[in-house]
There are 2 protein chains.
Amino acid sequence: MASSMLDRLKAGGKKLTKPRKAILAVLEQSPLPITAADVHDRLKAQRKPADLVTVYRNLAMLQELGLVNTVGLHDGQMRYEVRHGREHHHHIQCRGCGKIVDLMLCPIKKLTALVEAKTKFAVDSHTLEFFGWCPQCR
Amino acid sequence: MASSMLDRLKAGGKKLTKPRKAILAVLEQSPLPITAADVHDRLKAQRKPADLVTVYRNLAMLQELGLVNTVGLHDGQMRYEVRHGREHHHHIQCRGCGKIVDLMLCPIKKLTALVEAKTKFAVDSHTLEFFGWCPQCR
DNA sequence: GTGTTACATGCAAGTCACTTGCAATTGTAA
DNA sequence: TTACAATTGCAAGTGACTTGCATGTAACAC
Ligand SMILES: [Mn+2]
Ligand SMILES: [Mn+2]
Ligand SMILES: [Zn+2]
Ligand SMILES: [Zn+2]
């Protein structure tokens with residue numbers, strides 16, 4: 001686990017329990033955002049089962065500490081990915097098979113100032129997701 | 001109601017029932033996307049109550065016919081707005097009061113070709129939502 | 001090591017948006 | 001007016017996620 005993560009956890013008064021370490025390991029092993037149920041399944045597969053509610057509570061905590069990002073693809077479940085120094089980016093999901101691919105780009109940054117000027121809001125974040133058909137499902 | 005809507009409904013073999021007309025009226029009177037519960041509440045306020053499940057079924061049907069857009073703001077409820085010839089656009093929501101404002105712009109169209117080239121997906125849609133603080137909540 | 005304690009876990013039950021089954025109703029068109 | 005498919009309302013079901021609470025355990029001080 002990245003030591004910055006350990007530091008952030010310690011700074012937040014968090015304990016390094018066995019389930020928590022396993023959850024963090026699962027997240028770090030996943031290059032793409034995964035659901036709480038995914039995490040739960042992979043924990044069981046790795047013979048380190050933890051209750052689903054423990055997964056949810058840890059994901060919420062990690063999000064509060066800014067260690068994971070949430071990705072909402074409007075299919076009824078949130079997905080989570082470790083931040084881990086990776087740049088802000090977006091995703092595309094296939095409508096056929098559900099495959100998700102990272103898009104290492106954000107076309108929005110330049111637009112924030114324009115949106116702020118138009119709306120007088122102070123913009124602090126945005127979500128941008130693409131949907132379509134992957135080569136196999138086309 | 002816009003006559004194109006009537007045409008699309010008729011073409012889809014849909015009946016113009018009393019609840020359905022009231023639901024369409026509520027949607028047409030709302031300049032911003034609203035939830036199924038909002039529609040339900042406004043129907044009651046207008047003395048034309050309809051069951052919440054009827055609202056949900058009509059919203060799903062209208063979406064299938066392409067007469068309404070869905071807007072997902074990741075707060076656990078979908079929102080709906082009539083398409084009604086308005087251009088594709090996006091929204092910004094205040095984290096304080098929940099206020100939603102239309103952004104009559106889409107900076108993404110030009111990007112679709114780039115995303116398709118990078119991923120080999122056939123992109124057919126995207127979602128883009130902004131979050132921040134409105135002037136009153138700042 | 002032992003003890004202390006705040007944090008964390010697991011189970012059960014609860015919530016909330018949304019969906020489904022089904023019998024009764026209604027719009028539409030012959 | 002009749003006939004029938006579409007639609008409605010109510011009740012029950014689903015699924016993701018949350019909360020209450022008793023038990024467990026990491027962390028830190030002796
Ligand atoms: Mn990603
Ligand atoms: Mn809008
Ligand atoms: Zn971005
Ligand atoms: Zn757009």
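Of the residues of chain B in this predicted model, Leu128(B) comes closest to the rotation axis, with its C-alpha at 2.1 Å. A turn of 180 degrees about this axis, with a shift of 0.0 Å along it, lays chain B on chain A with an RMSD of 0.0 Å. That is how a two-fold axis relates two copies.

The two chains can next be followed to the place where they meet. Chain B brings 34 residues to the contact and chain A brings 33. Of the interface residues of chain B, 97% are interface residues in chain A as well, so the copies meet through the same surface. Together the chains bury about 3000 Å², and 69% of this area lies on carbon and sulfur atoms. On the side of chain B, His74(B), Phe121(B) and Thr127(B) supply 22% of the area buried against chain A, more than any other three residues.

The nonpolar interior also draws on both chains. The largest nonpolar core has 26 residues, and those with the most contacts inside it are Ile108(A), Phe130(A), Ile108(B) and Phe130(B). At least two residues of this core come from each of S3, H5 and S5 of chain A, and likewise from each of S3, H5 and S5 of chain B. A look at Ile108(B) shows the mixing of the chains in detail. Apart from neighbours within four places in sequence, Ile108(B) is in contact with Pro107(A), Ile108(A), Leu128(A) and Phe130(A) from chain A, and with His126(B) and Leu128(B) from chain B.

Helix H5 of chain A, residues 109-119, has Leu111(A), Thr112(A), Val115(A) and Thr119(A) as its buried residues. Viewed down the helix axis, these residues fall within an arc of 115 degrees, so they line one face of H5(A). A general feature of helices is helpful here: an α-helix has 3.6 residues a turn, so residues three or four places apart point the same way. The face turned away from the buried side of H5(A) carries the exposed residues Lys110(A) and Ala113(A). The buried residues of H5(A) pack against strand S5 of chain A, and also against strands S3, S4 and S5 of chain B. After the helix comes Lys120(A), with a positive phi near 65 degrees.

Each chain also supplies the donors of a manganese ion. In chain A, Glu81(A) (OE), His89(A) (NE2), His91(A) (NE2) and Asp102(A) (OD) coordinate ligand 1 at 2.1 to 2.2 Å. Both His89(A) and His91(A) are buried. Along the chain, the donors of ligand 1 are spaced E-x7-H-x1-H-x10-D.

For the manganese ion that is ligand 2, the protein donors are Glu81(B) (OE), His89(B) (NE2), His91(B) (NE2) and Asp102(B) (OD), lying 2.1 Å from the ion. Glu81(B) belongs to strand S2 of chain B and His91(B) to strand S3, so this pair ties together parts that are 10 residues apart in sequence. Glu81(B) is buried, with a relative accessible area of 3%, and His91(B) is buried as well, at 2%.

His90(B) also has its place in strand S3 of chain B, where His90(B) is buried with a relative accessible area of 3%. His90(B) and Leu103(B) are 13 residues apart in sequence, yet their C-alpha atoms are 5.2 Å apart in space. Leaving aside neighbours within four places in sequence, the contacts of His90(B) include Asp102(B), Leu103(B), Cys106(B), His126(B) and Leu128(B).

Key:
Residues numbered from 1 in each chain as written. Chains lettered and ligands numbered in written order. Predicted model: local features only at pLDDT ≥ 70, side-chain atom pairs only at ≥ 80, totals over all residues. Heavy atoms only, no water. Buried < 20%, exposed > 50% of the residue type's maximum accessible area, 1.4 Å probe, protein only. Helix = DSSP H or I, 4+ residues; strand = E, 2+ residues; numbered from the N terminus. Arc of directions from axis to C-beta. Contact = heavy atoms within 4.5 Å. Donors = N, O, S within 2.8 Å, 3.2 Å for Na, K, Ca; no water. Least-squares fit on C-alpha atoms with pLDDT ≥ 70 in both. Core = buried A, V, L, I, M, F, W, Y, C linked by side-chain atoms within 4.5 Å. Buried area = accessible area lost by both parts, 1.4 Å probe.
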